[in-house]
Amino acid sequence: MSEQAKIGSASLTEKVVFLGVAQLSGEEETPVDSSEVTRACLDHCSELETDVLGHLTEVDVMRALSSLSASGYVTEVDVEDRSPVGKGRPTYALDTDHGPLVESLTTDERVGPLAERVHGG
């Protein structure tokens with residue numbers, strides 16, 4: 001199964017979280033922790049025309065990041081110079097060219113508008 005097909009079969013939350021990390025990566029804001037990804041996802045959820053996602057919590061994002069990390073879509077990164085507040089919290093980044101994966105999500109009826117924004121942004 002291709003990487004595009006695999007990301008296409010991910011849960012809605014995983015897709016939104018992946019796109020959040022991709023957006024932050026495109027803005028050169030990575031590596032990021034789950035709270036930063038949660039903020040990015042909540043900022044973009046208004047673009048989705050679905051009630052299925054509901055209220056996205058940081059716990060939901062942490063689960064999705066863990067799943068995406070296990071699947072190889074995001075990578076957990078060790079950051080040396082962390083503030084005491086962020087110590088112990090995993091950080092994530094994309095270590096591959098995420099463009100084709102984001103582009104494949106532009107045709108997804110649930111996250112297409114968000115994927116188009118990330119892909120074009």
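## A buried serine in helix α3

A residue counts as buried when its relative accessible area is under 20%. In this predicted model, serine 35 has a relative accessible area of 13%, so serine 35 is buried. Serine 35 belongs to helix α3, which covers residues 34-44. Leaving aside residues up to four places away in sequence, the contacts of serine 35 are with Glu58 and Arg89.

## The three-stranded sheet

The sheet is open and is built from 3 strands, which follow one another in the order β1-β3-β2 with antiparallel pairing. Strands β1 (32-33) and β2 (75-77) stand at the edges, and because each has a single partner strand, one side of each is left without a neighbour in the sheet.

Between β1 and strand β3, which spans residues 91-93, there are 2 bridges, and these two strands run antiparallel. Within this part of the sheet, valine 32 is placed opposite tyrosine 92 of β3.

## The loop between α2 and β1

Two backbone features are found in the loop that lies between α2 and β1, one at glutamate 28 and the other at proline 31. Glutamate 28 is not a glycine, yet its phi is positive, at about 55°. How accessible is glutamate 28, buried or exposed? Its relative accessible area is 73%, and since the cut-off for exposed is over 50%, glutamate 28 is exposed.

Further along the loop, the peptide bond that leads from threonine 30 to proline 31 is cis, and its omega is near 5°.

## How helix α2 packs against helix α6

Helix α2, made up of residues 12-26, packs with helix α6, made up of residues 112-120, at an angle of about 15°, and the axes of the two helices are 10 Å apart. Angles under 35 degrees count as roughly parallel, and α2 is therefore roughly parallel to α6. The crossing in which α2 passes α6 is left-handed.

Which residues make this contact? On the side of α2 they are Val16, Leu19, Ala22 and Gln23, while α6 contributes Leu114, Ala115, Arg117 and Val118. Sorted by character, the residues of the contact of α2 with α6 comprise 6 nonpolar, 1 polar and 1 charged.

How values were computed. Residues numbered from 1 in each chain as written. Predicted model: local features only at pLDDT ≥ 70, side-chain atom pairs only at ≥ 80, totals over all residues. Heavy atoms only, no water. Pairing = 2+ DSSP bridges. Helix = DSSP H or I, 4+ residues; strand = E, 2+ residues; numbered from the N terminus. Buried < 20%, exposed > 50% of the residue type's maximum accessible area, 1.4 Å probe, protein only. Contact = heavy atoms within 4.5 Å. Axes fitted to C-alpha atoms, helices over the stretch in contact; angles between N-to-C directions. Parallel < 35°, antiparallel > 145°, perpendicular 65-115°, else oblique. Left-handed = near helix turned anticlockwise from the far one by under 90°. Nonpolar A, V, L, I, M, F, W, Y, C, P; charged D, E, K, R; others polar.
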